[in-house]
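Dear colleague,

I am passing on the structure we spoke about, and below it you will find some notes on its charged side chains. Please read them with the model open beside you.

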Amino acid sequence: MIALSKKGSCSSQLCLALCAFGLALLGDVSRAVPMDDQDYYLQEISNRDHYYSFPYPGEEFFPFTEQPGEEGPIRAAATEEHPGFKPSRKELKPKKSNKKGKTILETPPDCPPLGLETLKITDFQLHASTAKRYGLGAHRGRLNIQAGVNENDFYDGAWCAGRNDPYQWIEVDARRLTKFTGVITQGRNSLWSSNWVTSYRVLVSNDSHAWTAVRNESGDVIFEGNSEKEIPVLNMLPVPLVARYIRINPRSWFEEGSICMRLEILGCPLPDPNNYYHRRNEMTTTDNLDFKHHNYKEMRQLMKTVNKMCPNITRIYNIGKSNQGLKLYAVEISDNPGEHEVGEPEFRYIAGAHGNEVLGRELILLLMQFMCQEYLAGNPRIVHLIEDTRIHLLPSVNPDGYDKAYKAGSELGGWSLGRWTQDGIDINNNFPDLNSLLWESEDQKKSKRKVPNHHIPIPDWYLSENATVAVETRAIIAWMEKIPFVLGGNLQGGELVVAYPYDMVRSMWKTQDYTPTPDDHVFRWLAYSYASTHRLMTDARRRACHTEDFQKEDGTVNGASWHTVAGSINDFSYLHTNCFELSIYVGCDKYPHESELPEEWENNRESLIVFMEQVHRGIKGIVKDVHGKGIPNAVISVEGVNHDIRTGADGDYWRLLNPGEYVVGVKAEGYTTATKTCEVGYDMGATQCDFTISKTNLARIKEIMKKFGKQPISLSLRRLRQRARQWQQQR
């Protein structure tokens, strides 16, 4: 019994010693991990099997025996580039350091992003040690991903670890050998909390079991992370490493927050002709276009090049200047550039109202190149479109904002740098709020101040010099009033959806509510025509960009049911002009890397053309007098649709309508009214619906009297004068 008690005593002492040693090894881990969870947790993260423990067929496999932090068979990238790797045209150039001593890059690194932000990396390729909850899982650890307003369990703004200790990690499976060169990190996107990682390690692996840390002469490299939650921070690896997996291991974090990260990985996938998975999913284009990001000078030069190639169908002009004096250049494409042809509709694409949403800008520049080339090649579809349509392409509405984003680069600008004009105005929502004027008039039926349902005039306060209106916005309004546009699309970024008006809810107590225009059926068709021909917008297997899933409406959404805004370009265009305008969000990544442009072009090319062709859907015609002269400003109404349009200076008009039979009426001051039934078919091409109207008797009398130097006196005025005489005689 004594021996047993002594043995038991020794065992107890040994256990205490081992526990003390274990606590020493844990260091500051014990402050965050509950005592009863520590042993299980350490075992979990050190022995955890990976979902993808085996390589894909055709990929080289390197078994590991080394422990993390030791030298392993991870290969440093050779000095010479791999034969299949095509480096960027721009080399990495360090710029002046900022106040914190971090190097700012003028040009992007050699290797592009793997695609966490663009969703090329799927949710199944992202894994983490733990997660606070599902909405903060590894699948949310993507650069620039945005949280929902409520930050619920499904859509949150980062990956957040379940525990705050230096054993946490998030990893990316590149699914093939990749030359990893750098890491970009952000904190958590949140309105309510502040969380970011201040330092981290980087580890790489070929089998997801044995890991090698990025090292230098003094040991494991500890990379400096973020100092706030939104500005991206880039860290380049001291030596590029070739592996399949990469893991980020946070070492410290904001004291008042927790471990939360959004990230992007820079890397060059190595060629693997035997890997069917990647060959099947790689996107290529056969179009010989200039796939790069163009600064202001390069954009202007590209326009000149297109004009020089196709001088007979193109014209360069500007609609005004930006706050900083940069001209807002547009390219017109038409068989008779510089003139409005009677009976020919006018179409517009604009982009860059938010200066950092640059994909739309590049798509428009690619579109003008493409149309020029295809016209010269005799493509009948493009030739027909150019001959029957006057097309206007305005690629950069906010060049000042773009300049800010361009200087930061495609990955380092964050979500908002360059969004606003130089004087801090959001152009997209800077137009007059005509919705409120119309709805107040409709609600107050007895009001003396009757507002028409179309061509609503701009309020006087908006036209004053003291109004908070960007010079760019005023230039766009003048452009919209000068040219009789029929259909337009403004290209934006950060989502994959087509939004149609109204963009403002009718009830002041709601922030989201479906608010249709009288032409809701037409707008829905126009939105669907773009979304359905896009390669991804209506793909039910596609992952939502951020928080909203637009699949239930086939890649389209009513703007007000998404988020209400007053003074949008779409609502203003509809209520002040004849033009039907929609917002087209062309990609999850606002500023994709240059290497992504060919694929983005393929995603949007057909949609861009199909949407332009919709300008020829509905009815068109000319309103003339009995002498064959066009009548300007005549009102065209469609029975059952409470929204009218007006004829142009030559009496011509275009009215977008879906297939069906319509009773169409016309009226003009001094002329008799007229109606007729017009049928719109399913085939492309607007139905011709002309009107000839004669002057009223009163108008003819006025015309005759004016010709002989006399003015006709109305009957009511005569009666008033006669009564005045009788009253004077009675006195």
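In this predicted model, the side chains of Asp539 and Arg541 come together in a salt bridge, with a distance of 3.2 Å from N to O. Arg541 is exposed, its relative accessible area being 75%. Elsewhere, salt bridges with shared partners link Arg315, Glu332, Glu346 and Arg390 into one network.

As general background, side chains that carry opposite charge can pair when their charged atoms come close. Another such pair is formed by Arg524 and Asp520, whose side chains meet in a salt bridge at 3.5 Å, N to O. These two residues lie four apart in helix H11, which covers residues 520–531, so that about one helical turn separates Arg524 from Asp520. The two partners are not alike in their accessibility, since Arg524, at 44% relative accessibility, counts as partly exposed, whereas Asp520, at 11%, counts as buried.

The salt bridge between the side chains of Arg215 and Asp220 has an N to O distance of 3.0 Å. Here Arg215 is partly exposed, with a relative accessible area of 35%, and Asp220 is likewise partly exposed, with a value of 28%.

For the structure as a whole, the count of salt bridges comes to 30, and the pairs described above, including Asp539 with Arg541 and Arg215 with Asp220, are a selection from them.

With best wishes

Definitions and conventions
Residues are numbered from 1 along each chain as its sequence is written. This is a predicted model: local features need pLDDT of at least 70, side-chain atom pairs count only at pLDDT 80 or more; totals for chains, interfaces and linings use all residues. Side-chain values use heavy atoms; hydrogens and water are left out. A salt bridge is a side-chain nitrogen of Lys or Arg within 4 Å of a carboxyl oxygen of Asp or Glu. Buried means under 20% relative accessible area, exposed over 50%, partly exposed in between (1.4 Å probe, protein chains only).
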